[in-house]
Amino acid sequence: MKALFFDIDGTLIDGLRGIHEIPATVVAQLERLHDAGHKLIICSGRPWAMIDSSLRLPLFDAYVMCNGGHVKADGKTLHADLMNQALVRSYVELFDELGMEYMLQTAHHIYLDRRFAHIQRFFADFGQPDSSRPTPRGSMRRECGQPWKGVPPTPPTWTATADTTHSRSFRPPRARPSASSCCSHTTASPSSKSLGFGDGINDLEMICAVGTGVAMGNACDELKAAADVVCGDVTDDGLARYLATVE
């Protein structure tokens, strides 16, 4: 049995380039692998609220979301790593002071101030279904009962009016991993029978942790450098063609 981990955007689909559903060729390979007894796992920066129905396929055995902050399997949350409420409040105050746009994420919701036109436009261009659009921040207390219990986006979305003098002095609590620092800690990685597929810098830790890291042809250079294999572009059926070689 193998465990295969899949990023979503730029790997299974690419909303910014018109691929809003997993291609039939990829689904066919996923079905073949699932029927053979392999475990298929979504591993994405998206929160559950942005995993729409086209991605909630019975083929997937588990979902690792929010860059590892939320893990869900069999309809149950196995792990939810939420930031301290006081810390999130301090982030929000800082972001507001600097004129930044941001989202707040919980295990099952995302919240967004309606005034944030840049992010609103992103969701429209991205082709995200209305059911997955962010909920206004003002309704957070009513829906969740615990305001500000969530995760800011990574990285934050800067507006054109952000105060760059202050922004240069801002440092997130965890620095972005580099290929060298990430891949030097693979001694405790999963079985060599695990595979990971991604395209972005947020996929770096997954690519380094699995037995075989596969970067898409459209992946960033840093991910390609860290990967064991580079397959074809998402728009050129690269994932389906590589999966066809997996037994």
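**Figure 1. Helix H9 (residues 238-243) supplies three residues, the largest share, to the lining of the second largest cavity.** The model shown here and in the other views is a predicted one. Let us begin inside the protein: around the cavity sit Thr11, Leu12, Pro23, Val26, Val234, Asp237, Gly238, Leu239 and Ala240. Sorted by class, this lining holds six nonpolar residues, two polar ones and one charged one. The space enclosed comes to about 40 Å³. A search through the whole structure turns up two cavities of 30 Å³ or more. Rolling a probe the size of a water molecule over the atoms is what reveals where empty space remains.

**Figure 2. Helix H1 (residues 24-35) has the length its residue count predicts.** With 1.5 Å a residue, its twelve residues should span 16 Å, and the C-alpha atoms at its ends are indeed 16 Å apart, so the two values agree. Have a look just past the end of H1 as well: there, glycine 37 adopts a positive phi of about 100°.

**Figure 3. Which residues of H1 are buried?** They are Val26, Val27, Gln29, Leu30 and Leu33. Viewed down the helix axis, these buried residues fall within an arc of 165°, and therefore they line one face of H1. A handy reminder for this view is that an α-helix has 3.6 residues a turn, so residues three or four places apart point the same way. Strand E1 (3-6), strand E2 (39-43) and H9 are among the elements that cover the buried residues of H1. Val26 links this view to the first one, as it belongs to the buried set of H1 and also to the lining of the second largest cavity. On the face of H1 turned away from the buried side, you will find the exposed residues Ala24 and Asp35.

**Figure 4. Serine 53 sits in the loop between E2 and strand E3 (62-65).** Is this residue buried or exposed? Its relative accessibility is 63%, and because the cut-off for exposed is over 50%, serine 53 counts as exposed. Glutamate 21 is 32 residues away from serine 53 along the chain, and the C-alpha atoms of the two are separated by 9.8 Å.

**Figure 5. The chain that frames these close-ups comprises nine helices and eleven strands.** It has 247 residues, of which 47% count as buried. Among contacts with a separation of 6 or more, 55% are between residues 24 or more positions apart.

Terms used. Residues are numbered from 1 along each chain as its sequence is written. This is a predicted model: local features need pLDDT of at least 70, side-chain atom pairs count only at pLDDT 80 or more; totals for chains, interfaces and linings use all residues. Side-chain values use heavy atoms; hydrogens and water are left out. On a 1 Å grid over the protein atoms alone, a cavity is a set of points where a 1.4 Å probe fits but cannot get out, and a pocket is an open set with protein on both sides within 12 Å along at least five of seven lines; lining residues have an atom within 4 Å of a point. Grid points are joined across faces, edges and corners, and a volume is the space filled by probe spheres set on the points. Helices (H or I, at least four residues) and strands (E, at least two) are DSSP runs, numbered from the N terminus. Ala, Val, Leu, Ile, Met, Phe, Trp, Tyr, Cys and Pro count as nonpolar, Asp, Glu, Lys and Arg as charged, and the others, Gly among them, as polar. The expected span of a helix is 1.5 Å times one less than its number of residues. Buried means under 20% relative accessible area, exposed over 50%, partly exposed in between (1.4 Å probe, protein chains only). The arc is that of the directions from the helix axis to the C-beta atoms. Contact means heavy atoms within 4.5 Å.
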